[in-house]
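Grab a pencil and work through a few short exercises on the structure below. Each one has a solution that goes step by step.

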Amino acid sequence: MINFLPSENDSTIAVEFTGKVTEEDANLLDKRVAQSFNGDKFNIIAFVPEVEGTTFQGITDGMKFDAKHWSQFQKFAIVSDKSLIGTAANFGNVLPGIKAKHFQSDEIDDAWEWLS
């Protein structure tokens, strides 16, 4: 499930992912990007306290979202104490044009600063 959180700056979408990520979640994020940025560059800060798993369809739709908005992405900060999530964030750094970084839950201020 995706929950939108208040953002500390206008160029960043703040979200929290809990439980399973689904196609509906990907659609909600896509709609938020379209409404808020209309083709402009943006960042995402994702808080991931725990993830039970995801549906295959959710993964597929997430990849479609990424491809659709690829040229708009600037930075992707992931805040989680889960080591697997950190590994996924580091993988994001090999994707052209996107900077991704993992932060522990006690480094939230550092994450916001990195996005600025």
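**Exercise 1.** Are Phe103 and Trp114 buried or exposed, and how do their rings sit relative to each other?

Start with the surroundings: both Phe103 and Trp114 are buried (buried is under 20% relative accessible area, exposed over 50%, partly exposed in between, with a 1.4 Å probe and protein chains only). A quick note on the source: this is a predicted model, where local features need pLDDT of at least 70 and side-chain atom pairs count only at pLDDT 80 or more, while totals for chains, interfaces and linings use all residues. Residues are numbered from 1 along each chain as its sequence is written, and side-chain values use heavy atoms, leaving out hydrogens and water.

Next, the rings. Rings of Phe, Tyr and Trp (its six-membered ring) pair if their centres lie within 6.5 Å; planes under 30 degrees apart are stacked, over 60 edge-to-face, and the rest tilted. Phe103 and Trp114 are 5.9 Å apart centre to centre with 55° between the planes, so the pair is tilted.

Last, place them: Phe103 is in strand β7 (residues 99–103) and Trp114 in helix α4 (residues 108–115), eleven residues apart. Helices (H or I, at least four residues) and strands (E, at least two) are DSSP runs, numbered from the N terminus.

**Exercise 2.** How many aromatic pairs are there by this rule, and why is the pair of Phe37 and Phe42 stacked?

The count is two. For Phe37 and Phe42, the ring centres are 5.2 Å apart and the planes meet at 25°, so this pair is stacked. Both Phe37 and Phe42 are buried, too.

**Exercise 3.** Which residues of α4 are buried, and where do they sit around the axis?

List them: Ala111, Trp112, Trp114 and Leu115. These residues cover an arc of only 160° (taken from the directions from the helix axis to the C-beta atoms), which puts them on the same side of α4. Now flip the helix over: the face turned away from the buried side carries the exposed residues Asp109 and Glu113. Finally, the cover over the buried residues of α4 includes β2, β4, β6 and β7.

**Exercise 4.** Which residue lies over the face of Trp114, and which over the face of Phe4?

A charge sits over a ring if NZ of Lys or CZ of Arg is within 6 Å of the ring centre and within 35 degrees of the ring normal. For Trp114, the answer is Lys75, at 4.8 Å from the ring centre. For Phe4, Arg32 does the job at 4.0 Å.

Terms used. Contact means heavy atoms within 4.5 Å.
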